[in-house]
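Good morning, and thank you for coming. I would like to take you through one structure today, beginning with its pockets and ending with its sheet.

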Amino acid sequence: MKIALIGDSLTEGRPGVPFHTILEDKFPNITFVNLGKPGETVKSLYTRLLEKKLEDNYDLSFLWIGVNDVYSKLLSVQAQPIAKDYDEFQTYYEKVLELVIESSNNVVTVTPTIVGENTNNAPNNEIKELNHLIQSIAHKQTNVGFLDVQTAFLNHLSAVNSSNYISTKVLSVMTDVLFYKKPSKIDKKSKKRGLHLTLDGIHLNSTGAQLVADIYTTEIERLLYSD
């Protein structure tokens, strides 16, 4: 089996703890192709997939994109163009999904998770709106699943007390990339910041990575056992 992991830095696994390595250890006989790219938005992903076509022999593709369309608004520098409104996000998401469907027998859309561990902040409410759009888009297609990862994150966070920390300075993000590579160091920094699932409010610590890997695992096993 060959699985594509399509998305942004959360998929690539930097900064933070990568969830894809957990999947690779759990499913040693599956080939995982990591197509995550830092800073990716729905518009920049569409451009990337046009410029570099996906292989057309994936058994399953996970499409996890959208958090940077919200998170980038908080940064002083935007590396990639973001959707100007919900209509434009939907337009580009549908275009991206069409390209992914062409390359894979099965596709699973994954909701953006969180921007900050304060579950009721403005960015997370905006993400909820994007996730409603993604769910609506996915349900119009055949052989396209939908994973609501944000709800899993919010449910977890509802039982703990997290800080409002969000890394909004590009230098801070780069420092995390360069100096926090080992899960133990990432988790220690996460705890110091008062966070439970992320290193910086967005990127995953060990608990967050395991949670994502567990959710992906349900879909992978569903496909494996259906055969």
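I start with the second largest pocket, which encloses about 160 Å³ of space. Please bear in mind that the model is a predicted one. The residues lining this second largest pocket are Val33, Leu35, Arg48, Leu49, Lys52, Lys53, Leu54, Glu55 and Tyr58. Two elements, β2 and α3 (42–51), each contribute at least two residues to that lining. By class, the lining of the second largest pocket comprises 5 nonpolar and 4 charged residues, with no polar ones.

Helix α3 merits a closer look. How many of its 10 residues are buried? The count is 7, and the helix is thus mostly covered. The buried residues of α3 are Val42, Lys43, Ser44, Leu45, Tyr46, Arg48 and Leu49. Arg48 and Leu49 therefore appear twice in this account, being buried in α3 because buried here means under 20% relative accessible area, and lining the second largest pocket as well. As for what they meet, the buried residues of α3 pack against strands β1, β2 and β3 and against helices α4 and α5 (86–103).

Let me turn to the largest pocket. About 370 Å³ of space lies within it. Its lining consists of 19 residues, and those closest to the centre are Pro38, Gly39, Leu75, Ala79 and Val173. Three elements give two or more residues to this lining, namely α1 (9–12), α4 (68–71) and α8 (170–179). Which of the elements supplies the largest share? It is α8, with 4 residues. The lining of the largest pocket divides by class into 10 nonpolar, 7 polar and 2 charged residues.

I now come to the sheet. It is open and built from 5 strands, in the order β2-β1-β3-β4-β5, with parallel pairing. The edge positions are held by β2 (31–36) and β5 (144–147); each has a single partner strand, so one side of each lacks a neighbour in the sheet. On average, neighbouring strands of this sheet are turned by 20 degrees against each other, with direction ignored.

The individual pairings can be followed across the sheet. Strand β1 (residues 2–7) runs parallel to strand β3 (residues 60–64), and 5 bridges join the two. Within that pairing, Leu5 is placed opposite Phe62 of β3. From β3 we pass to β4 through 4 bridges, again in the parallel sense, and here Ser61 has Val107 of β4 as its bridge partner. Val107 also has a bridge partner in β5, which is Val144; β4 and β5 pair in parallel over 4 bridges.

What of the two faces of strand β4 (residues 107–110): are they covered or open? Both are covered, with Val107 and Thr109 buried on one side and Val108 and Val110 buried on the other. As a general point, the side chains of a regular strand alternate between the two faces of the sheet.

My last item is Glu219, a residue of helix α10 (residues 206–226). Is Glu219 buried or exposed? Its relative accessibility is 13%, and Glu219 therefore counts as buried. Apart from neighbours within four places in sequence, Glu219 is in contact with Phe62, Val108 and Leu147. We have met two of these partners already: Phe62 stands opposite Leu5, and Val108 is buried in β4.

Thank you for your attention.

Methods:
Residues are numbered from 1 along each chain as its sequence is written. This is a predicted model: local features need pLDDT of at least 70, side-chain atom pairs count only at pLDDT 80 or more; totals for chains, interfaces and linings use all residues. Side-chain values use heavy atoms; hydrogens and water are left out. Two strands pair if DSSP finds at least two bridges between them. Axes are lines fitted to C-alpha atoms, for helices over the stretch in contact, and angles run from 0 to 180 degrees between N-to-C directions. On a 1 Å grid over the protein atoms alone, a cavity is a set of points where a 1.4 Å probe fits but cannot get out, and a pocket is an open set with protein on both sides within 12 Å along at least five of seven lines; lining residues have an atom within 4 Å of a point. Grid points are joined across faces, edges and corners, and a volume is the space filled by probe spheres set on the points. Ala, Val, Leu, Ile, Met, Phe, Trp, Tyr, Cys and Pro count as nonpolar, Asp, Glu, Lys and Arg as charged, and the others, Gly among them, as polar. Buried means under 20% relative accessible area, exposed over 50%, partly exposed in between (1.4 Å probe, protein chains only). Contact means heavy atoms within 4.5 Å.
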